[in-house]
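Trainee: Could you show me how to read a structure like this, one feature at a time?
Mentor: Gladly! Let us look together.

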Amino acid sequence: MASMRGVSFMLEVQGLKKTFTSGLVSKRSVKAVDGISFNIADGETFGLVGESGCGKTTVGRLVLRLIEPTEGKVIFNSIDVLKLNKKALRKLRPQMQIIFQDPESSLHPRMKIGDIIAEPLKLYNLVPKANREKKVLELIDMVGLQPEHVNRFPHELSGGQSQRVVLARVLALGPRFIVADEPTSSLDVSVQAQILSLMNTVQEEFHFSCLFISHDLNLISRMTSSMGVMYLGKIVEAGSTKELFEEARHPYTRALMSAIPIADPQTKRKKIVLEGEMPSPMNPPSGCRFHTRCRFKEKICEKTEPQLIDLGEGHRIACHLYAAEDKRLVIRHRVTVEI
Amino acid sequence: MTLAKSRNMDEFLKNRASVAGLIVILMLITAAILADFIAPYDTDKIALKEKLKSPSWEHPMGTDQLGRDVLSRMIYGTRTTFELSILVVALTSTFGVFIGIIAGYFRGVIDEILMRLIDVLLAFPSIILALVIIGALGPGMINTIVAISLVGWLFYARVARATTLSIREKEYIEGARAMGCSDGYICLRYVLPNCLPPIIVLMTLNLGSVILSIAALGYLGLGAQPPTPEWGSMLNEGREYLRDCPWLCVFPGLMIMLAVLAFNFIGDGLRDAIDPRQMVIK
Amino acid sequence: MTLLSIEHLNSHFMTVDGIVRAVDDVSLEIGENETLGLVGESGCGKTVLALSLLRLLSENTKTDGRVIYKGRDLLKLNEKELRGVRGKEIAHIFQNPLSSLNPVLTVGFQISEPFLRHQGLKKSIANSRAVQMLGLVRIPSAPDRAKEYPHEFSGGMRQRAMIAMGLACSPSLIIADEPTRGLDVTIQAQIVELMKDLIKNSGASMLLITHDLSLAAQLCDKVAVMYSGEIVEYADIKEFFKGPAHPYARSFLESVPSRGMKPIRGISPSLINPPPGCRFHPRCDCSMDICKSVHPPLTEVKDGQHARCLLYA
């Protein structure tokens, strides 16, 4: 297992890129993911946050190789995933699972819940035939469903229940790593709370690492120990969740943090309302991709792309304001922010 | 039975035309199966003394120019028609669905090639294509099947492909891939069952048009050859006597119409009954 | 002054499974210049309630009760009178702007439509008013944008266009159904700021339908919580967030991630066969024996805070 400063990583992602091309004659290409690196320690949950279209969902698919990356490295449990052939990849798949956003379309509509959960057990012969039913009931109980659900069809379940079935099936495979792609964004808040607390419980029990993808910073702060903020295919800031929530540095992260909805009319907070919208990834801005909406834009931002630099303690940021060689800007930024 | 399925069934049974169609088809199928027991006469028994008799108690549908009992020939004709048409539909749907799922699931070059091939084949008027094929191979039942099937699978392939295209975007397919299922397994266990509802509707409607094509080829003398009883060829043989002995044409004609209509009614009913959420073709 | 008062409103519709009691004996009031938030989880009947006010529901819905707007009962108006109210007096901003905008007409034309229909303005004037409205909802280079079609707009811009359309005839009441659903947080923040300003400047009242308590916290003066077709709590927004009285409202607030993310056990009841007695009792931590049989009335807990719970009866 690869290690850095004594920490062993379950998943290492380095310089991951994906360019989608469309059109047979006049090829148009979109850099959906443009050079992303992060590590997830064993048993840890890493959060990936960003607005729609930033490429976070694609990252989830890429690390599982559900979409073939254009470039980069994905190392899972010391295995170079992108070097595997089809057969070896299929053998590895049970260990890396995914939970999708829309529970209703995550389940085969013509299979009974019991069969859906039993399918992985059958496919990999994980449990001898005689014990399968018992195992299914065990899993069903673990995710908080009733034994009578075994004979139901997916359309007879609510969204929350469907997501529990998805979880049960994923757990049946005994994965070491799970991508949770907005697992609760189509659920009501009270159900969301149910599902997320269930995920926390099973993560403790089954001990897997998790890539938690969400647009909701409230969830990221509750579910993850470290996180990355994505903007137009790039990570603009990453670090421990605690540090980022206490001391976000990147202007985009700060704007995102200030836009977090707070369910209390008494809390008055200075909001940074970002102007405009995220540019299209087909035609990203030159230099720093955020410069079109950034309040601290300097000339250099339009021309040169900022590199991700380490501020210490794993806090990484891609912003010219923090470029080490230009201390003057950093100081100016600090002053502006404090005012 | 699941809730949805029984509800579909209720919906279907509410449609009177479809139920009537279903009853007609069930009766015809029973007749075809039990032909040996219910046909009053031997179909090949030539009795020139009895020729061209109008309908009577003895011969409810009269007799033909060779004195054969028309009712018996109609009953055996049902068997011929149903055997042929079911065989054609089974062949074309299996092949078409197979091709359609492959094209829709794998996309890319395979899809392009298959779809262009289908476009080319669809550019020919199907009946003319069938005539050409029979012209080349010679008349007969097997060749009829070949001729009709050659074009018949195209529609299945198109519908199956369109349905597959929308199914493959569903997250349960991605989930199955993430689970490590092979492409073949996914096509068989995940794509196929979810493709079936529109295919079943198409099969029912298609049975009607296949019956028509078989009758048309029979009428042109290119399908089933005498003395095999078949509705289309019976129509053809009766044509000469249309003025004096209309029953020779009226009964086969009515029968063809009845069978086609019945299948169309069933198809319409099925289409309405199958949950619209699961109907992917719009 | 009360602008709209809903009295004993029922909206029931027939399905193959039985009668869905989507709105069950709801009474509410919206004052002038007031924003009322109607909050609840999916399937609680909040959208049906909004649609029944302007009788926008399908034929098989049975609606009764009274909806008094400026002295007139909206449920008793004929189609022609109702058309005069819709859009002009009461505007409805729907969720999902992409399917609420007509894809084959330019955005500018769609905004100018109410001017043509309700105010009988000339086409050129209506057009320039439409551009003005787009400017009001802060769409940059509005004159050019007005000539574009809905698919050329981003999600946030479409929502702005919807708001512009709703505000076009300066209505006295705006019914906004999940105006920020599906938008990114930074865009949501933009829309919230915009709506705050527009409401303040126009003096209109608003009925905000949402599942998002933090949105209600930012925009509303009063809040009504709906559960299983009924109003279970009605309170001033500040009082509510200090401490909801009804156990469901309390759990609902506590399930919000920023307020503790505490799950509510069980699932929402069906609107066809709600539990007898208090509809929340199977999931309630404070449930008593009496809750299983007695249906609680909406009672005042303290100044202006009402709850439908036997703890306070």
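**Reading the features**

Mentor: Keep in mind that this is a predicted model. Let us begin with helix α8 (residues 171-179) of chain B: eight of its nine residues are buried, so this helix is largely enclosed by the rest of the structure.

Trainee: Which residues in α8(B) are buried?

Mentor: They are Glu171(B), Tyr172(B), Ile173(B), Glu174(B), Gly175(B), Ala176(B), Ala178(B) and Met179(B). Now look just after α8(B), where Gly180(B) takes a positive phi of about 100°.

Trainee: How do I describe two helices that pack together?

Mentor: Two packed helices are described by the angle between their axes and the distance between the axes. Try chain A: helix α5 (residues 159-172) and helix α6 (residues 189-206) pack at an angle of about 15°, and their axes are 10 Å apart. Angles under 35 degrees count as roughly parallel, so α5(A) is roughly parallel to α6(A). The crossing of α5(A) past α6(A) is right-handed.

Trainee: Which residues of α5(A) and α6(A) meet?

Mentor: From α5(A) come Gly160(A), Gln163(A), Arg164(A), Leu167(A) and Leu171(A). In α6(A), their partners include Val191(A), Ile195(A), Leu198(A) and Val202(A). A general idea helps when you read such a list: an α-helix has 3.6 residues a turn, so residues three or four places apart point the same way.

Trainee: And the aromatic rings? How many aromatic pairs does the structure hold?

Mentor: There are 14 over all chains. One of them joins Phe38(A) and Phe46(A), and this pair is stacked, at 4.7 Å centre to centre with 5° between the planes.

Trainee: Why does Phe38(A) count as buried, and why does Phe46(A)?

Mentor: Buried means under 20% relative accessible area. Phe38(A) counts as buried because its relative accessibility is 2%, and Phe46(A) because its value is 4%.

For another case, turn to Tyr227(C) and Tyr248(C), a tilted pair at 4.3 Å centre to centre with 45° between the planes. Tyr227(C) lies in strand β9 (residues 222-227) of chain C and Tyr248(C) in helix α11 (residues 247-254) of chain C, so the pair ties together parts that are 21 residues apart in sequence. Both Tyr227(C) and Tyr248(C) are buried.

Trainee: Which aromatic cluster do Tyr227(C) and Tyr248(C) form with other residues?

Mentor: Phe252(C) and Phe280(C) join Tyr227(C) and Tyr248(C) in one aromatic cluster.

Trainee: What lies over the face of Phe153(C)?

Mentor: That is Arg145(C), at 5.4 Å from the ring centre.

Methods: Residues numbered from 1 in each chain as written. Chains lettered and ligands numbered in written order. Predicted model: local features only at pLDDT ≥ 70, side-chain atom pairs only at ≥ 80, totals over all residues. Heavy atoms only, no water. Phe/Tyr/Trp six-rings, centres within 6.5 Å; stacked < 30°, edge-to-face > 60°. Buried < 20%, exposed > 50% of the residue type's maximum accessible area, 1.4 Å probe, protein only. Helix = DSSP H or I, 4+ residues; strand = E, 2+ residues; numbered from the N terminus. Lys NZ or Arg CZ within 6 Å of the ring centre and 35° of its normal. Axes fitted to C-alpha atoms, helices over the stretch in contact; angles between N-to-C directions. Parallel < 35°, antiparallel > 145°, perpendicular 65-115°, else oblique. Left-handed = near helix turned anticlockwise from the far one by under 90°. Contact = heavy atoms within 4.5 Å.
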